[in-house]
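Work through the exercises below with the sequence and the coordinates at hand. Each task is followed by a stepwise solution.

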Amino acid sequence: MQEKPKTQLQVEAKILNELTATVNSVVSFKAELLKSQALDTTSLVSFLLFGAFILDASDLHFETEAEQVKIRLRLDGALFESGFLNKEEYLSVLNRLKLFAGMKLNITQKPQDGRFALLADTTEIEVRASTLPSEFGETFVLRLLNPKKLLDLNNLGLRKDLAAILRQEIQKPNGMIISTGPTGSGKTTTLYGVLKEINKPEIKIITIEDPIEYRLDGVSQSQIDETRGYSFASGLATIVRQDPDVILVGEIRDEKTAKIALQAALTGHLVLTTLHTNDAAGTIARLQALGEKPENIAPALNLIIAQRLVRKICPHCSQKKQLSAEEIKFFKEQLKDLINQGLCGEPNRQTQILQAKGCQKCNQIGYKGRIGVYEFLLINDEMENFIIKNSSIADLKKQAIQKGMTTMLQDGLIKVLDKNTSLEEVLKETYV
């Protein structure tokens, strides 16, 4: 079991309440930062960390420039310029944060990684820290891992039919479920949602990750350490000898890890893992590129989930608009099969969707929060035989769609019609 961070930074409830009352947007964060710069280093560090937490930022960036240091916050996947520090202030803040993270102060020309924890009232947030030498000094990035962001399957944005498929597949005693997509597409969050669903006293779950992003009681979590020879492959080989029912492999990166994971899926284990591909069908080609044969891949797979995250329309400032004739034609072309199956309504000139506007509560961008868009490639006997024939990605995708697979674009368009997000946002993330 991975140890928790040893260093913990706590803030008084009174100060946290005061910050919550004053910091409610990037604009107010920027204004309060100017006031905090007159305070001591401890107070400034507390403001930066807990201000980022209050705004629900996933990352806090310190980017060194020639004359100053820019601060940026990542909110809902987008970066926002949030103020500046002078070089002297930044050095004090940097050294304090390095101490918290267990980094060496005298090493400035090599990257370093570390971690510590924040205690905000009763919520413990793990913070991952990373330094990188740059032209004008060390850049510093903090990732805030808030356990309250750990979602269950009901809050991932899955349509009812997809949620039913996933719940059916995770009840199987063996096989592999792969979540695919680029970095930051919510793959790990989806798999942790699965773990929350199946985590019971009678089931043994072991994970191997890099890094451990969320902590779950009752789950044995292990973090790889390449410097000590503990890789995904070596760790997974050990895990299968620990008699687990469910194994989560943070990512399949090489041939050896792929081989052991597929073998585990065939020998009585439910294996959850991630892979970097553009869509569900591309997963097969990616596993083949890692050295596996179709006849080994097909029988091991239960389900492939491809996904992206799109921003949700801000409920406070969204504006309704009617579809144009061109947009109606696009929706009908893309959703034709789903309309025929009765899975969604047919858009017309009276159909309204939402568009982003912007207000203080969403930092003037029109979006607040994110939701997943998905495509599920279910591997049944027919799809297994199709994969073994070594078909192309295009043929495999065409076959899957013919058998009822909804693409990410289609799922996104349904969410537009349901007024969860905007058409622009879905096209940006899914339309190729």
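A residue is called buried at under 20% relative accessible area, exposed at over 50%, and partly exposed in between (1.4 Å probe, protein chains only). Helices (H or I, at least four residues) and strands (E, at least two) are DSSP runs, numbered from the N terminus. The model is predicted: local features need pLDDT of at least 70 and side-chain atom pairs count only at pLDDT 80 or more, while totals for chains, interfaces and linings use all residues. Residues are numbered from 1 along each chain as its sequence is written, and side-chain values use heavy atoms, with hydrogens and water left out.

**Exercise 1.** Find which residues of helix α7 (residues 232–239) are buried, and state which elements they pack against.

Solution.
- Step 1. Listing the buried positions of α7 gives Phe232, Ala233, Gly235, Leu236 and Ile239.
- Step 2. These residues line one face of the helix, because their directions, seen down the axis of α7, fall within an arc of 165 degrees. The arc is taken over the directions from the helix axis to the C-beta atoms.
- Step 3. With contact set as heavy atoms within 4.5 Å, the buried residues of α7 pack against β9 (205–209), β11 and α8.

**Exercise 2.** Describe the surroundings of strand β12 (residues 270–275).

Solution.
- Step 1. Six of the six residues of β12 are buried. Leu270, Leu272 and Thr274 point one way, Val271, Thr273 and Leu275 the other.
- Step 2. Strands count as paired if DSSP finds at least two bridges between them. Strand β8 (residues 175–180) runs parallel to β12 and is joined to it by six bridges; β11 (residues 246–249) is also parallel to β12, with four bridges.
- Step 3. Threonine 273 has isoleucine 178 opposite, and valine 249 also stands opposite threonine 273.
- Step 4. β11, helix α8 (residues 255–266) and β12 form a right-handed β-α-β unit. Right-handed means that, with the strands pointing away from the viewer, the path from the first strand over the helix to the second runs clockwise.

**Exercise 3.** Why is there no disulfide between cysteine 317 and cysteine 359?

Solution.
- Step 1. The criterion is a pair of cysteine sulfur atoms within 2.5 Å.
- Step 2. The cysteine sulfur closest to that of cysteine 317 is in cysteine 359, at 3.7 Å, and this is too far for a bond.
- Step 3. Cysteine 317 is buried at 8% relative accessible area, and cysteine 359 is buried at 16%.
- Step 4. A search of the whole structure finds zero disulfides.

**Exercise 4.** Characterise the salt bridges of lysine 30, lysine 70 and lysine 397.

Solution.
- Step 1. A salt bridge needs a side-chain nitrogen of Lys or Arg within 4 Å of a carboxyl oxygen of Asp or Glu. The structure holds 26 of them.
- Step 2. Lysine 30 pairs with glutamate 81, with the closest N and O atoms 3.6 Å apart. This pair links helix α2 (residues 26–36) to strand β4 (residues 78–86), across 51 residues. Lysine 30 is partly exposed at 33%, as is glutamate 81 at 38%.
- Step 3. Lysine 70 meets glutamate 65 at 3.5 Å, N to O. Here lysine 70 is buried at 18%, whereas glutamate 65 is partly exposed at 25%.
- Step 4. Lysine 397 meets aspartate 279 at 3.6 Å, N to O. Lysine 397 lies in helix α13 (residues 393–402) and aspartate 279 in the loop between β12 and α9 (282–289), 118 residues apart. Lysine 397 is partly exposed at 27%, and aspartate 279 is buried at 14%.
- Step 5. A network of salt bridges links Arg115, Glu126, Arg128 and Arg215.
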